Amino acid sequence: MSISDPPRGAVRRKLPAAAAACTAWLALAWLAVPAPVHAADAPSELQPGTMAARVAACTACHGDQGRAGTDGYYPRLAGKPQEYLYHQLLNFRDDRRQYRPMQHLLANLPDAYLYEIAGYFAGQHVPYPPAPAPAAPAAVLDQGRVLALQGDPARGLPACTACHGASLAGVQPAIPGLLGLPRDYLVSQIGGWKYDRRRAAAPDCMAEVANRLTPADIGAVSAWLAAQPVTEPYAPEPADSVTLPAECGSQAQR
Amino acid sequence: MKTLILRILLALVVLCAIAVGALYWLGTRSDDGTGPAAAQSEPAALVERGRYLARAGNCMACHTARGGPAYAGGTPIPTPFGTLYGPNITPDARTGIGTWSADDFWQALHNGKSRDGSLLYPAFPYTEYTRMTRADADALYAFLRTVEPVSQPSRPPELRFPYDQRPLLAAWRALYFRPGVQQDDPGQSLQWNRGRYLVNGPGHCAACHAPRNSLGASIDPDALAGGTIPMLGWYAPPLSGDAEAGLGKWSAQDIAALLQSGTAAHSAASGPMAEVVQGSSQYLSDEDALAIGTYLKSLPATRPAAPDSGAAASPAALQLGGKLYAQHCAQCHRDDGRGADQAWPALAGNPTVTAPSPVNAIRVVLDGGFAPATAANPRPHGMPPFGQVLSDNDVALVVSYIRHNWGNAASAATPLEVKRARDAATAN
């Protein structure tokens, strides 16, 4: 129906038997979407004209100051690199990333305002909640840890840390941290990249990585990442702290 | 006896042939009077005028896909007859309109025919654009020649039978299309005439603000009596002078303010109108915005096409709605429903809230949204979506409450209306 539907034929050729398993993962992730924590529940009183009031439509689901809810599928925004958040806002508005409520909200907002909104959330620093108990057997978590910290050179898979920083806190200006995110959210995003429901500026390095991950890989690495405690200070590392193993369009995008 | 029957049959056949022929002639004839071409103005000035008209006509809404290259087409246009896709109108020779002459362009805009003479589907609102002058069409053409050419084949329409049979458009056009440039009314002011031209011509307001019949044709388009927009499910309110549903309580300045800034004393643009403000009307000059307001204020107070059912919610339902309001809405819209200026619109006396159909208020509650970002309101406040936290019944209760409080006296909303609005919101 929509012009942005993924090229189904191509996907089928690329992913033979594994597709069904990954779809099941995705379906589970979607089903697990809980009710968002609404702004009305937040303690702070909004004042018109403040940035907190302007972004009430965001914090209704992403939590006060973009801290995410402990029950959340909706990811934390607070403290992520401004350029990363800005790119995601552009991607939703311009149909490169698919989630109807976000696409609807952003439809009429110009670049400059989206950049300001991204900056607001990048500048929010709120403590991380304790990590949830691991939601997978030890063997699976171990597989996830190896992928995250060492990758799989035989399959051309870089470690998560190769791009997202040794502490997995992200790298300026546009690479996000990977800790403090719910497992369902991580599974769904990697799946989104695999199925062309989420795209970044070309060359889309994360799409290349996602396409090499099996459903088992995605489950394992997401479970391990989601179970890691966040040690403060947890902030994106300087841009020159890593040499990227692949070219990533979003690091250069403005 | 036999010859009589034969003669009658023959006469019927001949009459039928004449009727079909007449219909075909009516539906395919062109208005050959092209009017004066654009005066020999500076090419740069002509392009600028065309750029202004392209925005006033909101060409990009259909001819630019979200995130896609400008004017390269691809936007799906859902209709009850199937989906059409805005074509590529960049000057690319192979996939755009690079080989079109100014006469070809006029033929499309004024007579609704493509370069090869084939009839165009009226999803392209040539039923309104036909009122534009040749000079304005030439300016638009000059501007479109300056757009970056993009090689992107136009996607053919996906219409159901029999609507996919293009020659049948001749019959539709015979019934509903009269080509002709808008003639000024000498009894009215220049400002009024300019407003009428913008509303009925490039602005094509009737595309949404007039009801449509079962064949998709606007009913009495100049009356702008309002109606539900097919497929989108939003209600386009009457632009006539009706005090409750229309613009009776608005001044011409209020109308100009809504068009240019997206907000006005009584209301904020939402849904499809927010897109119109964002992509089109915010760029209107002060004079043109006020001209539109002046013309619309002169329309008589016709009753809206979709009359209010009138049934108010029960006192118990209003009490429940009030509780939900206090919990979810009052922090911004305030206990007295007066909101806070441009940030949070008042709900008391807000025509989106009190419209004959509650569907727009329901959609805003379900999906939230930002007022359009404009020069006067570049950093709009956003309303959160509540569709995830409120059930159909809760949304109906709270919308019924705001429609029947602080002096508002509109009918109740029902859970079924909320369910339908949810379905419409996710369908497109």
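Visitor: What share of the contacts in chain A with a separation of 6 or more comes from residues 24 or more positions apart?
Guide: The structure is a predicted model, in which local features need pLDDT of at least 70 and side-chain atom pairs count only at pLDDT 80 or more, while totals for chains, interfaces and linings use all residues. Residues are numbered from 1 along each chain as its sequence is written, and chains are lettered from A and ligands numbered from 1 in the order in which they are written. Two residues touch, or are in contact, if their C-beta atoms, placed from the backbone, lie within 7 Å. Among the contacts of chain A with a separation of 6 or more, the share from residues 24 or more positions apart is 72%.

Visitor: How many helices does chain A have?
Guide: Helices (H or I, at least four residues) and strands (E, at least two) are DSSP runs, numbered from the N terminus. In chain A the count of strands is zero, and the count of helices is 13.

Visitor: What percentage of the 254 residues in chain A is buried?
Guide: A residue counts as buried if 20 or more other C-beta atoms lie within 10 Å of its own, as exposed if 12 or fewer do, and as partly exposed in between, with C-beta atoms placed from the backbone. For the 254 residues of chain A, the buried part is 46%.

Visitor: Within what arc do the buried residues of helix 11 of chain A fall?
Guide: In this helix, which spans residues 205–212, Cys205(A), Val209(A) and Ala210(A) are buried. The arc is that of the directions from the helix axis to the C-beta atoms. These buried residues line one face of helix 11 of chain A, because, seen down its axis, they fall within an arc of 130°.

Visitor: Why is Ala159(A) classed as partly exposed, and how many other C-beta atoms lie within 10 Å?
Guide: Ala159(A) sits in the loop between helix 8 (138–150) and helix 9 (160–164) of chain A. Leaving aside residues up to four places away in sequence, Ala159(A) touches Ala148(A), Leu149(A), Gln150(A) and Gly151(A). Ala159(A) is partly exposed because the number of other C-beta atoms within 10 Å is 18.

Visitor: How many nonpolar residues are on the side of chain A that touches chain B?
Guide: The contact takes 30 residues from chain A and 32 residues from chain B. Ala, Val, Leu, Ile, Met, Phe, Trp, Tyr, Cys and Pro count as nonpolar, Asp, Glu, Lys and Arg as charged, and the others, Gly among them, as polar. On the side of chain A that touches chain B, five residues are polar, six are charged, and the number of nonpolar residues is 19.

Visitor: Between which domains of chain B does the largest nonpolar core lie?
Guide: A nonpolar core is a set of buried Ala, Val, Leu, Ile, Met, Phe, Trp, Tyr and Cys residues joined through C-beta atoms within 7 Å, and domain bounds come from an automatic or database domain assignment. The largest such core has 130 residues, of which Ile292(B) and Ile362(B) touch the most other members. Two domains of chain B both give residues to this core, so it lies between domain 2 (190–297) and domain 3 (315–427).

Visitor: Which strands of chain B stand at the edges of the open sheet?
Guide: Two strands pair if DSSP finds at least two bridges between them. Four bridges join strand 1 (residues 76–79) to strand 2 (residues 82–85) of chain B, and two bridges join strand 2 to strand 3 (residues 158–159) of chain B. The three strands form an open sheet in the order 1-2-3, with antiparallel pairing. Each edge strand has a single partner strand, so one side of each is left without a neighbour in the sheet, and these edge strands of chain B are strand 1 and strand 3.
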